[in-house]
Amino acid sequence: MAALQLEGLARHYGEREALSGVSLTLKEGQTLVVFGPNGAGKSTLLRVLATLLRPHAGSVSVLGRRLPQESWAVRGRIGLLGHEPLLYRELTARENLRFHARLHGVAAARVEEVLELVRMRGRAAEPIRTLSRGMVQRVAIARAVLHDPQLLLLDEPRANLDPAAIELVDPLIGAGSRRTRVICSHDPGGGLAEADLVLGLRAGRPALLRAAAEVTGTEIAELYR
Amino acid sequence: MSTVVPDRSSVSAGERTGASDGRAPGTFAVVRALLRKELLVELRTLESVPAMSLFSVTTFVVFHFALNRNSVDGDLAAGILWVTLLLAAILGVNRLFVADAEEGGFDGFLLAPVDRSAMLLAKALALLAYLLVLELVAVPAFGLLLLGPSLGQALPVLLGVLALGDLGIAAIGTLVAALAVRTRARDLLGPLLALPLLVPIAIGGARASSPLLALTHPGAPAARWLLTLGLYDLVFGLIAYALFDFLLED
């Protein structure tokens, strides 16, 4: 079954075209890695798939449901890790995760479980504003996988993480998670290694769309020139 | 350009069931979670209620000197009390969604499989709680600083009138705050939109409170003003309920 099916997807902000003519199919359990320079439309694509932005043209199907008509049916099955951690700065890591757990109908025990998985139980009683950026990213990852989503939408998920932390979160958001993933990346080597399908965006339009095995690092680098 | 890659995954459809076992939480559980978060953030930051309370007391002091009177009663007293409370409420309205807009709370909420109106209810309840605390400070301060007649006898009915006004302020304030917070000029737009909509509450509240604050022959509030306040609350409660979903949408 296709986890994502996009046909001629377009999205604009006022006069500015942020995405145009994006068509692709991604099967369940596969990973789509999106490359492109800043402002190419990567984050917009993630927000459309997360149901936070409406597509302005084309058709979008996520986990078998059409957007935006059936957005309600896929919320709760998506985990989003964007540039913002979606955590309240004044609340502790534990309070933030408990809040999200209540919104998703997840048991409190799961909060402790994900805190342990990202090795943040020891700092869980501290407000988010007092934690380092790497620690905040670990809590944000815990938040994104708290409800065991089928689809992970990740915008540079390893930003701010040290090598040990990257290893730590790999079972949650890496290939080992066995989830369908859409990852925005600027790292050709790392991105290609975990991709099944590669989408290269330039000024909102697809400039590259191929199976990862057929894409070279040079082609990715070309997107940024 | 469209492409499909061969299936390299061993994950079958429906294999991942989700930690939430597919059940969306009930609206009241979500309202409780949102309200709890709201009050916790306010307790930690103390951004709204102390500012609202301090503003009201300062305004009474300003009125005291500007009017050059030691005490007021009747229409004037009721007018001063309601205008001060409405202006103080605007401070809380302006801050109501700021943490959600700046810290991604909207996105976190919108990604959850929950009834969107839960946020309206939770925010309105939080604003209502702020107003009650404001009045705990402002009403005694008003009695001490400006009011001629004693508050004692009038207090129970006055609190009832204030509660009716608070319901309307909470509904209108939440609606306006949700509308303004996504704009660049939110600090300006909030008061500009809220104040005209709150004028009927100021009129109804002041007219209903005036007989209670009269120096001689204090009386009960006229039923028609209480009814006006009640109807206004109901109408704006329904309008907020009908529109709130659209305000959260892209």
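**Exercise 1. Take stock of chain A in this predicted model: how many helices and strands does chain A have, and why does chain A count as compact?**

Step 1. Begin with the elements: chain A holds eight helices and 10 strands.

Step 2. Compare the radius of gyration with the globule rule. Chain A has 17 Å, close to the 17 Å that the rule gives for 225 residues, so chain A is as compact as a globular protein of that length.

Step 3. Look at the box around the chain. Taken along the principal axes, the C-alpha atoms of chain A fill roughly 45 × 40 × 35 Å.

Step 4. Finish with burial and contacts. Of the 225 residues of chain A, 53% count as buried. Among contacts between residues at least 6 apart in sequence, 67% join residues at least 24 apart.

**Exercise 2. Do likewise for chain B: which elements does chain B have, and what is its radius of gyration?**

Step 1. Chain B has nine helices and zero strands, so a walk from its N terminus reads α-α-α-α-α-α-α-α-α.

Step 2. For 250 residues, a compact globule would have a radius of gyration near 18 Å, but the value for chain B is 22 Å.

Step 3. The spans along the principal axes add to the picture: the C-alpha trace of chain B covers about 85 × 35 × 30 Å.

Step 4. Buried residues make up 45% of the 250 in chain B. Among its contacts between residues at least 6 apart in sequence, 85% join residues at least 24 apart.

**Exercise 3. Bring the chains together: how many residues does the contact take from chain A and from chain B?**

Step 1. The contact takes 47 residues from chain A and 39 residues from chain B.

Step 2. On the side of chain A that touches chain B, the elements giving two or more residues are β2 (16–27), β6, α3 and β10 (205–211) of chain A. Of these, α3(A) gives the most, with six residues.

Step 3. Sort this side of chain A by class: it has 21 nonpolar, 10 polar and 16 charged residues.

**Exercise 4. Turn to helix α5 of chain A: how many of its 13 residues are buried, and what do they pack against?**

Step 1. Find the helix at residues 133–145 of chain A. From first C-alpha to last it reaches 19 Å, close to the 18 Å expected at 1.5 Å a residue.

Step 2. The helix is mostly covered, since 10 of its 13 residues are buried. Among them are Met135(A), Gln137(A), Ile141(A) and Ala142(A).

Step 3. The buried residues of α5(A) pack against β6 (78–81), α3 (93–104), α4 (108–117), β7 (151–155) and α6 (163–173) of chain A.

Step 4. Now zoom in on one residue. Leaving out residues up to four places away in sequence, Ala142(A) touches Leu97(A), Val114(A), Leu115(A), Leu117(A), Val118(A) and Met120(A).

Step 5. Place the helix in the wider core. The largest nonpolar core has 147 residues, and Val34(A), Ile141(A), Ala142(A) and Leu153(A) touch the most other members. The largest share of this core, 14 residues, comes from helix α7 (residues 155–180) of chain B.

**Exercise 5. Explore helix α4 of chain A: which of its residues are buried, and why are they said to be on the same side?**

Step 1. The buried residues in α4(A) are Arg110(A), Val111(A), Val114(A) and Leu115(A).

Step 2. They cover an arc of only 140 degrees around the axis, which puts them on the same side of α4(A).

Step 3. A general point helps here: an α-helix has 3.6 residues a turn, so residues three or four places apart point the same way.

Step 4. The cover over these buried residues includes α3 and α5 of chain A.

**Exercise 6. Hunt for backbone surprises: where are the positive phi of Arg119(A) and the cis peptide bond of Pro68(A) placed?**

Step 1. Recall the background: most residues other than glycine have a negative phi, and most peptide bonds are trans.

Step 2. Arg119(A) has a positive phi of about 55 degrees although it is not a glycine. Arg119(A) sits in the loop between α4 and α5 of chain A. With 15 C-beta neighbours inside 10 Å, Arg119(A) counts as partly exposed.

Step 3. Glu156(A), also not a glycine, has a positive phi of about 45 degrees and lies in the loop between β7 and α6 of chain A.

Step 4. The cis peptide bond joins Leu67(A) and Pro68(A), with omega about 5 degrees. Pro68(A) is in the loop between β5 (65–67) and α2 (71–74) of chain A.

Notes:
Residues numbered from 1 in each chain as written. Chains lettered and ligands numbered in written order. Predicted model: local features only at pLDDT ≥ 70, side-chain atom pairs only at ≥ 80, totals over all residues. Helix = DSSP H or I, 4+ residues; strand = E, 2+ residues; numbered from the N terminus. Expected span 1.5 Å × (residues − 1). Buried ≥ 20, exposed ≤ 12 C-beta atoms within 10 Å, placed from the backbone. Contact = placed C-beta atoms within 7 Å. Rg over C-alpha atoms; globule rule 2.2 N^0.38 Å. Nonpolar A, V, L, I, M, F, W, Y, C, P; charged D, E, K, R; others polar. Core = buried A, V, L, I, M, F, W, Y, C linked by C-beta atoms within 7 Å. Arc of directions from axis to C-beta.
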